[in-house]
Amino acid sequence: MTNVLVIGSGAREHAIAATMLKSPQVTNVYCAPGNPGMKKDNIQIVDIDEMDFPNLVEFAKEHLVDLTFVGPEVPLSKGIVDAFIAARLRVFGPDESAARLESDKTFAKGFMARNNIPTAQFKTFTTFDDAEKYAESLSLPLVVKENGLAAGKGVTIVKDSADLAATIQHALDKAGEILIEEFLEGEEFSLMLFVGGDKKVIFPISQDHKKIYEGETGPNTGGMGAYSPVPHITQDVLDATVQKIVNPTMAGLAKEDLEFAGIIYIGCMLTKQGPKVIEYNLRLGDPETQVLLPQLKSDFYQMTSDLIDHQMPKVEWQEGEFYLGVVVSAPGYPTSPKQHIALPDDLPRNIFYAGVTEEDGKLYSSGGRIFTLYNHASTLECAQAKVYAELSRLDLSGFYYRKDIGFRDL
């Protein structure tokens with residue numbers, strides 16, 4: 001009998017927990033704090049906040065939890081893994097020191113520079129005048145990034161000089177420190193690694209759709225949909241990414257005493273000069289997870305456990321199928337999502353839930369992204385058609401979703 005605890009409450013954590021339950025070794029999967037939509041998959045939700053480290057540790061001890069998997073970036077950045085390790089509990093995720101590769105963009109850029117990992121040129125600023133002066137010396141478009149965690153929303157591409165000053169001031173007001181970067185032109189893709197010391201498992205390539213509107217327009221969100229694999233990111237591109245980015249990243253972690261058992265999610269841009277790093281994340285992506293984990297044929301619990309022990313796991317992926325997921329969100333997302341909208345009663349099983357609450361057995365929206373509906377088929381076009389056919393059969397008039405997920409390969 002094996003017990004697993006997943007930390008977090010979103011669709012990513014729903015996918016992690018549901019995949020853990022597929023393992024023949026796993027008896028119980030708890031999710032703290034979870035969401036009530038997870039109960040449809042026999043996941044046991046636990047009313048403990050993801051930042052309440054002492055009570056999470058105590059729960060893991062009392063319920064004989066064999067492995068804890070941390071989903072979100074905020075508890076990772078605040079040292080949840082350190083707390084579990086100090087309590088001699090098995091946990092999957094980076095410690096606070098390594099998590100700086102996501103939580104501190106200046107630190108991450110310095111790491112890339114020290115280890116010769118290709119990325120955009122940049123400078124860091126804490127004052128408006130210096131930032132504006134540097135930005136005016138660059139050609140447009142350019143990128144303004146808030147330093148720190150911003151749930152995928154702290155990046156602005158400035159295309160018009162008339163918008164520059166206001167964008168810099170707004171970012172400084174929010175974050176206190178910003179990065180101004182050259183704009184990388186090319187195709188974005190997500191490469192996720194599960195690592196354990198010097199051992200690594202490379203996941204299939206996926207592509208996220210960050211913008212709120214069709215055709216990748218409008219403000220950034222946490223992600224409106226994803227698909228995997230990505231046909232136009234060829235094996236040659238993957239090989240180059242491993243050689244120029246993945247291997248130097250792993251070597252840099254070892255050299256700087258930052259090795260851990262957890263996830264490295266590399267946001268990549270395929271430029272004319274080859275692949276470059278946009279940023280590191282030290283957790284699985286959302287919504288990419290919802291189309292990646294269903295592709296795993298081997299035992300997810302065993303893979304994760306092996307990597308904690310710094311052993312190379314045996315991993316098997318499905319072949320020949322494309323997975324596509326569409327995020328259904330509340331109107332007004334990402335700035336001011338409308339709350340407490342009743343979800344349809346006839347939702348299918350192929351859904352990972354996120355921002356939902358339950359009243360009298362019925363689900364209501366309680367956040368920005370409400371759920372991800374995913375499906376698969378032998379072609380990307382068929383996978384897309386299946387997902388949108390299912391969505392069209394549901395009464396989602398009170399919600400919003402993009403109609404073009406997967407468009408870059410179609």
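A cavity is a set of grid points where a 1.4 Å probe fits but cannot get out. The model examined here is predicted, and the structure holds one cavity of 30 Å³ or more. The space in this largest cavity amounts to about 30 Å³. Its lining is formed by Ala-11, Asp-286, Gln-290, Ala-354, Arg-369, Ile-370, Phe-371 and Thr-372. Sorted by class, the lining comprises four nonpolar, two polar and two charged residues. Strand S22, which spans residues 369–377, makes the greatest contribution to the lining of the largest cavity, with four residues.

Strand S22 also belongs to an open sheet of five strands, in which the order is S12-S15-S18-S22-S19 and the pairing is antiparallel. The edges of this sheet are taken by strand S12 (207–208) and strand S19 (351–353); each has a single partner strand, so one side of each is left without a neighbour in the sheet. Within the sheet, strand S18 (residues 322–329) and S22 run antiparallel and are joined by eight bridges. Phe-322 has Ala-377 of S22 as its bridge partner.

Two helices lie across the five-stranded sheet. Helix H12 (residues 380–392) crosses strand S15 (225–228), S18 and S22, and runs at about 135° to S22. Helix H1 lies across S19 and S22, at about 120° to S19. Helix H1 (residues 11–21) is largely enclosed by the rest of the structure, because ten of its eleven residues are buried. The buried residues of H1 are Ala-11, Arg-12, Glu-13, His-14, Ala-15, Ile-16, Ala-17, Ala-18, Thr-19 and Met-20. Of these, Ala-11 also appears in the lining of the largest cavity.

A further open sheet has four strands in the order S6-S9-S7-S8, again with antiparallel pairing. Strand S6 (122–125) and strand S8 (155–158) are the edge strands, each pairing on one side only. From one strand to the next, the twist averages 20°. Helix H7 (residues 128–136) packs on this sheet and touches S6, S7 and S9, with its direction at about 160° to that of S6. Helix H8 (residues 164–175) packs on the sheet as well, touching S6, S7, S8 and S9; the direction of H8 makes about 20° with that of S7. In the interior of the strand order, strand S7 (residues 142–146) and strand S9 (residues 178–182) pair over five bridges in the antiparallel sense. Val-143 has Glu-181 in S9 as its bridge partner.

The loop between S6 and H7 contains Thr-127. This residue has a relative accessible area of 37%, so Thr-127 is partly exposed, a class that lies between the cut-offs of 20% and 50%. Thr-127 is separated from Ala-108 by 19 residues in sequence and by 21 Å in space, C-alpha to C-alpha.

A second threonine, Thr-271, is located in strand S16 (residues 261–271). Thr-271 counts as buried because its relative accessibility is 9%, the cut-off for this class being under 20%. When residues up to four places away in sequence are not counted, Thr-271 touches Leu-184, Glu-185 and Lys-276. Between Thr-271 and Glu-132, which are 139 residues apart along the chain, the C-alpha separation is 26 Å.

Burial was also examined in helix H5 (residues 96–103), where the buried residues are Ala-98, Ala-99, Leu-101, Glu-102 and Ser-103. These buried residues of H5 pack against three helices, namely helix H3 (73–77), helix H6 (105–114) and helix H9 (235–255), and against strand S17 (274–281).

Strand S20 (residues 356–359) and strand S21 (residues 362–365) run antiparallel and are joined by four bridges. Glu-358 stands opposite Leu-363 of S21. The two strands form a hairpin with two residues between them, and in this hairpin Asp-360 takes a positive phi near 55°.

Note on methods: Residues numbered from 1 in each chain as written. Predicted model: local features only at pLDDT ≥ 70, side-chain atom pairs only at ≥ 80, totals over all residues. Heavy atoms only, no water. Pairing = 2+ DSSP bridges. Axes fitted to C-alpha atoms, helices over the stretch in contact; angles between N-to-C directions. Contact = heavy atoms within 4.5 Å. Buried < 20%, exposed > 50% of the residue type's maximum accessible area, 1.4 Å probe, protein only. 1 Å grid on protein atoms, 1.4 Å probe; cavity = no way out; pocket = protein on both sides within 12 Å on 5 of 7 lines; lining within 4 Å. Points joined across faces, edges and corners; volume = space filled by probe spheres on them. Nonpolar A, V, L, I, M, F, W, Y, C, P; charged D, E, K, R; others polar.
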